[in-house]
Amino acid sequence: MRNVIWVLIAISVSFSPVNKSFADDGILFQSQRAFLASKGLTFDPYVMEDYVSVYKGGLIDNNTWAGRFDFVSELDLEKAGLLKGGLLHIDILNVHGGLKPTADHMVGDLQTVNDIEATRSTRIYEGWYQQSLFDNKFSVKFGLVDINSEFLVSDSGNLFINSSINTASSFWVNNNNVATYPEPVPAVRLKYSPNANLDFLVGFFQADPLNNDINAHSTHFGNGEGLLSIEEGQYHYKIPFEGGLAGTFKIGYWYNSGDGPNASTFNGNGDMFVFEDDYGAYAMIDQRVFQINETQGLNVFCFGGGAPDNRNTVQDSIAGGLNYTGLIPYRPKDVMGVALTSSTFSNKLSASTMQDGSETSYEWTYQIQIRDGVYLQPDIEYVRHPNGDDAIKNASVFTLRTEVHF
């Protein structure tokens, strides 16, 4: 309880006026922030702003702006002297920009060239409580959870801006973006880590999120029809070269009991098939293949996923790429990456939709660290056969991302 009192005192002091120079104010703020962190309370507000320009192909040549602001805070209950292994997490999200034409309207692609563009709103993005037990070998998390915070995510793929390079489109497209940005859903996640090399995760997510018109602030929940479950195993290892090259292999399976169909499927008489469930599987690998030190080197990643072609828009998807940290001398924290992602459309749906064949996106990006917590990232994407529609031209897209952590 004494730690809690100290936290409250520090918060009140941090908002009190200080008659010193701006530099002194900054030093005082950082020291107060460090003190709060020692008592278990942390803050990580950050903002991303994207200028997006379709300069050739797609539906229209134009430019737009997308942005998000997150206020993230966590309270470690053990450090606060309250409860061993307890952790509270809250993320308040503001999505802005997105004025028409949006990137989706300009390109017309399925895999989406921008991973932060969404309907403008201010909402609770994530809000959950996690309890760790048995020396952190087991934990349970419940609340509003983004499935991509732990499942279906490649650490090396986080660098890229295309939505499907880091998360399999065979999952998020076929599940109508359920449980992912910007609308996580009520969920329970269980995690078992018997040793440092293995993690086993099971998640149960609401499968029927309400649309943004009804649930603009993530304060209303669906009617409970359907459950999305996901299971993932993770193996962490090191190849015994150059002091140990770290890698992670993941494999998973998902099942959605919500009513279908996920895509329009018709029989020979023109009657629609209605599927009462859906499912799919995926696998991915992240591997460091060369390193100068622990923070500089070359990483590669790849993953693939699939789902039944008789009820899904995307029957399989693949993605892969590489990124190099510290490629340019005297720029040890800059990261350059190249990657691609491809989605194959179900040939059983081509008679009832305009989608046929596949859509493939190629991306080059370079993240420049201006200073600690400040990044500038120019990015170029080329989208071939957008949305599987022969009427849409291949698109060239330029994005300039600015990211600031406060």
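**Exercise 1. A pair of charged side chains**

Determine which bond the side chains of Glu150 and Lys141 form in this predicted model, and whether the two residues are buried or exposed.

*Solution.* Step 1: the side chains of Glu150 and Lys141 form a salt bridge, with an N to O distance of 3.0 Å. Step 2: a salt bridge requires the nitrogen to lie within 4 Å of the carboxyl oxygen, so the pair qualifies. Step 3: Glu150 is buried, and Lys141 is buried as well.

**Exercise 2. A link across the sequence**

Identify the strands that hold Arg401 and Asp50, and state how many residues apart in sequence the joined parts are.

*Solution.* Step 1: Arg401 and Asp50 meet through their side chains in a salt bridge of 2.8 Å, N to O. Step 2: Arg401 belongs to strand S17 (residues 393–405) and Asp50 to strand S2 (residues 46–58), so the bridge ties together parts that are 351 residues apart in sequence. Step 3: both Arg401 and Asp50 are buried. Step 4: Asp50 and Arg401 also belong to a network of salt bridges that includes Asp115. In the whole model the count of salt bridges comes to nine.

**Exercise 3. Classifying the partners of a bridge**

Classify Arg331 and Asp334 as buried, partly exposed or exposed.

*Solution.* Step 1: a salt bridge of 2.8 Å, N to O, joins the side chains of Arg331 and Asp334. Step 2: Arg331 has a relative accessible area of 31% and is therefore partly exposed, since that class lies between 20% and 50%. Step 3: Asp334, at 4%, is buried, because its value falls under 20%.

**Exercise 4. The nonpolar cores**

State which residues touch the most other members of the largest nonpolar core, and which elements give two or more residues to this core.

*Solution.* Step 1: the largest nonpolar core has 28 residues, of which Ile147, Phe151, Leu152, Phe205, Leu228 and Ile230 touch the most other members. Step 2: two or more residues come from each of helix H5 (169–172) and the strands S7 (185–195), S8 (198–206), S9 (227–239), S11 (278–291) and S13 (314–325). Step 3: a second core, separate from this one, has ten residues, among them Tyr46, Met48, Leu93 and Ala118. Step 4: leaving aside residues up to four places away in sequence, the contacts of Leu228 include Ile147, Phe171, Phe205, Trp254 and Tyr255.

**Exercise 5. Strand pairing around S7**

Establish in which sense S7 pairs with S6 and with S8.

*Solution.* Step 1: strand S6 (residues 138–145) and S7 run antiparallel and are joined by eight bridges. Phe142 has Val188 in S7 as its bridge partner. Step 2: S7 and S8 also pair in the antiparallel sense, over seven bridges, with Asn195 opposite Leu198 in S8. Step 3: two residues lie between S7 and S8, which form a hairpin.

**Exercise 6. Backbone features in loops**

Locate Phe134, Leu152 and Pro182, and describe the backbone feature of each.

*Solution.* Step 1: Phe134, in the loop between strand S5 (121–133) and S6, has a positive phi near 55 degrees although it is a residue other than glycine. Its relative accessibility of 63% makes Phe134 exposed. Step 2: Leu152, in the loop between S6 and helix H4 (163–166), likewise is not a glycine and has a positive phi of about 55 degrees. Leu152 is buried, with a relative accessible area of 0%. Step 3: Pro182 is in the loop between H5 and S7, and a cis peptide bond with omega of about 0 degrees joins Tyr181 to Pro182.

Notes
Residues numbered from 1 in each chain as written. Predicted model: local features only at pLDDT ≥ 70, side-chain atom pairs only at ≥ 80, totals over all residues. Heavy atoms only, no water. Core = buried A, V, L, I, M, F, W, Y, C linked by side-chain atoms within 4.5 Å. Buried < 20%, exposed > 50% of the residue type's maximum accessible area, 1.4 Å probe, protein only. Helix = DSSP H or I, 4+ residues; strand = E, 2+ residues; numbered from the N terminus. Contact = heavy atoms within 4.5 Å. Pairing = 2+ DSSP bridges.
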